[in-house]
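Colleague: Please pick one part of this model and take me through it closely, then carry on to whatever helps to place it in its surroundings. I would like the cut-offs behind each term as you go.

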Amino acid sequence: MGDATIPPVQTLSLAATRRAALAAQGFTDARPAGPPTRRHLQRVLDRTGLLQLDSVNVAVRAHYAPVFARLGPYPMELLDDAAWSHSARRPRLFVEYWAHEASLLPVADWPLFRWRMRRYESLKGKHWKAAHSEPELLNDVLAAVKELGPVGAGTLERELGGPGKLGKGGWWNRSNTKIACEYLFAVGELTTGARRGFERLYDLTERVLPQEIHSLPEPDLAEAARRLVERSAVSHGVATETDLRDYYRLGVQPCRQAIAELVEDGVLEPVQVEGWRNPAYRHVDAKMPRRVRGRALLCPFDPLIWERARTERLFGFHYRIEIYVPAELRKFGYYVFPFLLDEELVARVDLKADRADGVLRVQGAFAEPDVDRPRVVAELAEQLREMAEWLGLSGVWIGARGDLAKELRKAI
């Protein structure tokens with residue numbers, strides 16, 4: 001017999017790949033006809049796989065914004081309830097852990113990160129040294145959480161006799177007790193039982209997770225990587241190896257092995273995307289719509305755009321967050337939201353929710369080259385009004401920065 005015929009690799013246009021990515025992320029799903037429900041929130045989670053957490057609150061916290069981008073205005077309490085409260089009637093949908101970064105992820109996915117917890121157990125050097133520097137500190141923290149939880153690190157410090165050797169302070173000068181809490185979170189002994197504002201209130205993981213999840217046998221790294229790569233592929237539609245690896249911050253070798261197995265099993269299909277240097281993979285169930293219609297403001301931590309190199313490959317949109325850039329050197333602003341219109345990123349706006357004055361401040365507004373400016377202005381104005389109302393603000397204020405500011409001010 002001769003050699004088996006190897007099927008040719010399909011070539012996808014960039015436009016088709018972009019539409020597949022938007023569909024995979026939920027941007028082709030119809031918005032709710034009525035008030036969004038937990039079912040709609042679950043649909044978003046099925047598409048994105050996780051929501052990144054971030055402490056910046058200049059406009060709206062990062063985990064709320066992707067849901068707004070996909071569902072439109074919804075009560076934030078809907079997400080809070082799904083993430084940080086629990087009852088027999090309404091079990092929580094999310095649990096916190098280190099996935100992409102600090103993230104909300106489906107409760108059922110928690111066991112897939114036990115390999116990462118085991119790795120963190122081995123890092124008792126500079127990251128966790130303070131947590132192990134005082135005899136019995138970890139046991140004391142666990143005992144206190146068992147008695148008091150859900151409980152914040154500050155309360156635990158007081159219960160355990162005050163700040164540790166590093167002194168009481170902020171993120172970069174945390175007490176030994178806080179570091180012990182973070183270590184126990186990283187290795188899976190503690191998780192977030194609730195939040196007060198944005199303060200994490202720790203509780204025993206066994207009390208937060210359903211017993212049927214907490215007691216599942218630990219999958220080995222190869223099995224966990226395979227399942228996480230498949231989830232990543234579902235959320236990408238079409239992706240390179242780097243894209244698939246970055247979504248859950250996997251190692252190179254486990255990711256490559258998982259991709260090879262998924263290709264062999266027909267779950268992933270190797271493809272070539274026009275203009276992309278590296279090979280890509282299409283999930284077998286990825287939708288390839290003929291067109292995409294809609295609009296959305298994307299926060300810097302939206303999973304559609306958080307991998308900046310992929311954002312540039314997909315949309316020709318160079319994007320960097322400038323929070324840590326000195327003000328005088330920023331090109332577009334402190335906290336910039338790209339504006340998605342149909343299948344393109346057509347503008348960017350630097351947003352601040354001014355709760356004291358009750359307005360959404362557009363501190364800069366910039367159009368991308370060669371866009372339909374009248375339509376972009378009209379659609380962006382409506383989207384900004386919608387966002388302001390969702391945030392409980394009375395209006396939109398447009399500053400002077402940016403080539404789109406004057407037209408947008410007239411429209412608003």
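Modeller: β10 and β11 pair in the antiparallel sense, with three bridges between them, where two strands count as paired if DSSP finds at least two bridges between them. Strands here are DSSP runs of E of at least two residues and helices are runs of H or I of at least four, both numbered from the N terminus. Everything that follows comes from a predicted model, in which local features need pLDDT of at least 70 and side-chain atom pairs count only at pLDDT 80 or more, while totals for chains, interfaces and linings use all residues. Residues are numbered from 1 along each chain as its sequence is written, and side-chain values use heavy atoms, with hydrogens and water left out.

I take β11 as the part to look at. Within its pairing with β10, leucine 341 of β11 has arginine 295 opposite. β11 is also joined by six bridges to β12 (residues 344-354), again antiparallel, and in that pairing valine 349 of β12 stands opposite phenylalanine 337. Six of the six residues of β11 are buried, so the strand is largely enclosed by the rest of the structure; buried means under 20% relative accessible area, exposed means over 50%, and partly exposed lies in between, with a 1.4 Å probe and protein chains only. The cover extends to both faces, since Val336, Pro338 and Leu340 are buried on one side and Phe337, Phe339 and Leu341 on the other.

The turn out of β11 deserves its own remark. The hairpin of β11 and β12 has two residues between the strands, and aspartate 342 takes a positive phi there, near 60 degrees. Most residues other than glycine have a negative phi, and most peptide bonds are trans. Aspartate 342 itself counts as buried, because its relative accessible area is 12%. A second case is arginine 249, which is not a glycine and yet has a positive phi of about 55 degrees; arginine 249 lies in the loop between α12 and α13 (252-264) and, at 35% relative accessibility, is partly exposed. As for the peptide bonds, the one from glycine 149 to proline 150 is cis, with omega near -5 degrees, and proline 150 belongs to the loop between α6 (137-148) and α7 (153-159).

The aromatic residues come next. The structure holds ten aromatic pairs, a pair being two rings of Phe, Tyr or Trp (for Trp the six-membered ring) with centres within 6.5 Å, called stacked when the planes are under 30 degrees apart, edge-to-face when over 60, and tilted for the rest. One of them joins tyrosine 247 and tryptophan 306, whose ring centres are 5.1 Å apart and whose planes are at 45 degrees, so the pair is tilted. Tyrosine 247 lies in helix α12 (residues 241-247), and tryptophan 306 in the loop between β10 (295-297) and α14 (308-315), so this pair ties together parts that are 59 residues apart in sequence. Both partners are buried, tyrosine 247 at 1% relative accessibility and tryptophan 306 at 10%. A further pair is that of phenylalanine 332 and phenylalanine 366, with ring centres 4.9 Å apart and planes at 80 degrees, so this one is edge-to-face. Here phenylalanine 332 sits in the loop between α14 and β11 (336-341) and phenylalanine 366 in strand β13 (residues 359-367), so the pair ties together parts that are 34 residues apart in sequence. Phenylalanine 332 is buried with a relative accessible area of 17%, as is phenylalanine 366 with 10%.

Tyr247 and Trp306 also belong to a cluster that ring pairs build together with Tyr97, Phe113, Phe185 and Tyr248. Over the ring of phenylalanine 185 sits the charged end of arginine 200, 4.0 Å from the ring centre, where a charge counts as over a ring if NZ of Lys or CZ of Arg is within 6 Å of the ring centre and within 35 degrees of the ring normal. In the same sense, the charged end of arginine 313 sits over the ring of tryptophan 276, 4.7 Å from its centre.
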